[in-house]
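Q: Please take me through a close look at a single part of this structure, one strand together with what lies around it. I would like the cut-offs behind each term as it comes up.

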Amino acid sequence: MPGRGLDLLDSRRTLHVTEADEIFAPRAILELEIDDHSIRHKGDESTLQRERALVLVRLHSAPIGVLDLALAGRSPDRLFEDASEELHALISEHMNDDQELKSEPGERTAVPCQAGRVALLASPPRASVVLATKNRPKLARRCLESIFQLDYPNFEVVVVDSSDGDETKNVIEEHFREVNYVPNSSGRVCVAKSRGAKEARGQYVAFTDDDAEVDRYWLSELVLALQSSPSVACATGLVLPLELETQAQLWFEESGAFVEGIRPRRISLADREPGSLLPYATGRIGAGVNMAWRTDVLTGLGFFDIALDKCGAEDLAVFFDALCAGFEIVYTPGAIVWHQHRRTVDELRRQTLWHATGLGAYLTRCLAKEPARTWDLIRRIPGGLRYGFAARSVRNNKKTRSFPKEVTRQEWIGFLKGPVAYASGVLAVRRARSSVRS
């Protein structure tokens, strides 16, 4: 087969590099649309001279698979041939599904799989997009530029800016006057996201981060998923790397990153598989960089838990709250976000520590929030530890021999710090509320 290394994404496996790929080579990031043979790329033209590329293959805009293909000596036609060969079964499955779909009278698209999106865009409900940012004006501008290229015609943007200076504010005033700009002088990401959600006036509220770019169809796909059933509280989507320029960025992909496959899923406690780690292993549901909520449900859940403000995992916690409240969460891979991973090993180490501390804090919160589930959580701990830390688990078997041991150590250190971090956060919230009352 022409591709190797970065595995094809499906509902069970995530992006990884095989042991055969020992020498790091930067990848171009490409999108191939099988339907019209169009090619798009991330970054500047120079990336097209790379020896290899991470390739998102789409059909009728839907993601079909992600491949690692050699670029050297390959013409565009050859790229399409190789991608079509590797993904033949999935392409055939998509085409067969299309043939089974019946178009409604007056249908405005010749592609049946797009009928839902076409109908939605004919009369779209109001949606809000919340972007929390701090001290990264260039990244915030890039993210906003992608947001304003969305195909969705009825949305507002709320930017919650926790920056120390006025650079981001100046960018907004100069280039994005239609944005609802909200300065935030206290708290971190949980506070900022909660404040943004409270400002939102849309029926649905979507979230992304300043180190990401959103796909043109991102918001449409999230809203479609939220409208699929009254029981759906939240929708999440596919997160892919915006660049793979450094070894650290590739290692982040090996560690699991955000990727959750190309198969849509509906997640609820009423339909758990035997041995499922739900509602605790909510990391496999999605990530805060790519999620949308019914605004009324998020409000009813109390927004994001600010006790996690200094350690993260606020997305995991609110997923948990929604599942325990009886709602469904939909993973829809057509809602795509491109994330800029940390470029250096030191940044990767710090990010890993942050995520692991958040995980430990989040699981502590699960016990505090739902004490009746204590035994249920305890009996799932062995499976959770195997999934999170065993070398050959589904999560970790993607790591190559070169993966830094110090980064793996940060997972253990952060996880063990988590309970203290959560307790500290709870005390900080209580002190803040007490001072307000007095």
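A: The account below starts from one strand and then follows its neighbours outward.

This is a predicted model, in which local features need pLDDT of at least 70 and side-chain atom pairs count only at pLDDT 80 or more, while totals for chains, interfaces and linings use all residues. Residues are numbered from 1 along each chain as its sequence is written, and side-chain values use heavy atoms, with hydrogens and water left out.

The strand in question is β8, residues 204–209; strands here are DSSP runs (E, at least two residues) and helices likewise (H or I, at least four), numbered from the N terminus. Five of the six residues of β8 are buried, so that the strand is mostly covered, where buried means under 20% relative accessible area, exposed means over 50% and partly exposed lies in between (1.4 Å probe, protein chains only).

Strand β8 has pairing partners in both β5 and β12, two strands being taken as paired if DSSP finds at least two bridges between them. With β5 (residues 127–133), the strands run parallel and are joined by six bridges, and within that pairing Val 129 stands opposite Ala 206 of β8. With β12 (residues 291–294), the sense is antiparallel and four bridges make the join; here Phe 207 has Met 291 as its bridge partner. As background, side chains in a regular strand alternate between the two faces of the sheet.

The next neighbour is a helix, α4, whose buried residues are covered by elements that include β8 itself, along with β5, β6, α5 and β9 (212–214); contact here means heavy atoms within 4.5 Å. The buried residues of α4 are Pro 137, Leu 139, Ala 140, Cys 143, Leu 144, Ser 146 and Ile 147. In general, an α-helix has 3.6 residues a turn, so residues three or four places apart point the same way.

Following α4 (137–147) onward brings us to Phe 148, in the loop between that helix and β6 (155–161). Phe 148 is partly exposed at a relative accessible area of 31%, whereas Phe 155 is buried at 16% and Phe 176 is buried at 6%. Rings of Phe, Tyr and Trp (its six-membered ring) pair if their centres lie within 6.5 Å, with planes under 30 degrees apart counted as stacked, over 60 as edge-to-face and the rest as tilted. By this rule the model holds six aromatic pairs. One of them joins Phe 148 and Phe 155, a tilted pair with 6.1 Å between the centres and 40 degrees between the planes. The rings of Phe 148 and Phe 176 are stacked, because their centres are 5.7 Å apart and their planes stand at 15 degrees. Since Phe 176 belongs to the loop between α5 (167–175) and β7 (180–183), this stacked pair ties together parts that are 28 residues apart in sequence. Ring pairs thus link Phe 148, Phe 155 and Phe 176 into a cluster.

Returning to β8, Thr 208 is among the residues touched by Val 337, which lies in strand β13 (residues 328–339). Val 337 is buried, with a relative accessible area of 0%. Apart from residues up to four places away in sequence, its contacts also include Ala 212, Glu 213, Val 214, Trp 218, Leu 238 and Val 289. Val 337 and Glu 213 are 124 residues apart in sequence, yet 5.8 Å separates them in space, C-alpha to C-alpha.

One last feature concerns helix α7 (residues 218–226), whose axis comes within 10 Å of that of α3 (residues 115–122), the two crossing at roughly 95 degrees; axes are lines fitted to C-alpha atoms, for helices over the stretch in contact, and angles run from 0 to 180 degrees between N-to-C directions. That makes α3 roughly perpendicular to α7, given that 65 to 115 degrees counts as roughly perpendicular, under 35 as roughly parallel, over 145 as roughly antiparallel and the rest as oblique. On the α3 side, Gly 116, Arg 117, Leu 120 and Leu 121 meet Ser 220, Glu 221, Val 223 and Leu 224 of α7. Arg 117 also lies over the face of Tyr 217, 3.9 Å from the ring centre, a charge being placed over a ring if NZ of Lys or CZ of Arg is within 6 Å of the ring centre and within 35 degrees of the ring normal.
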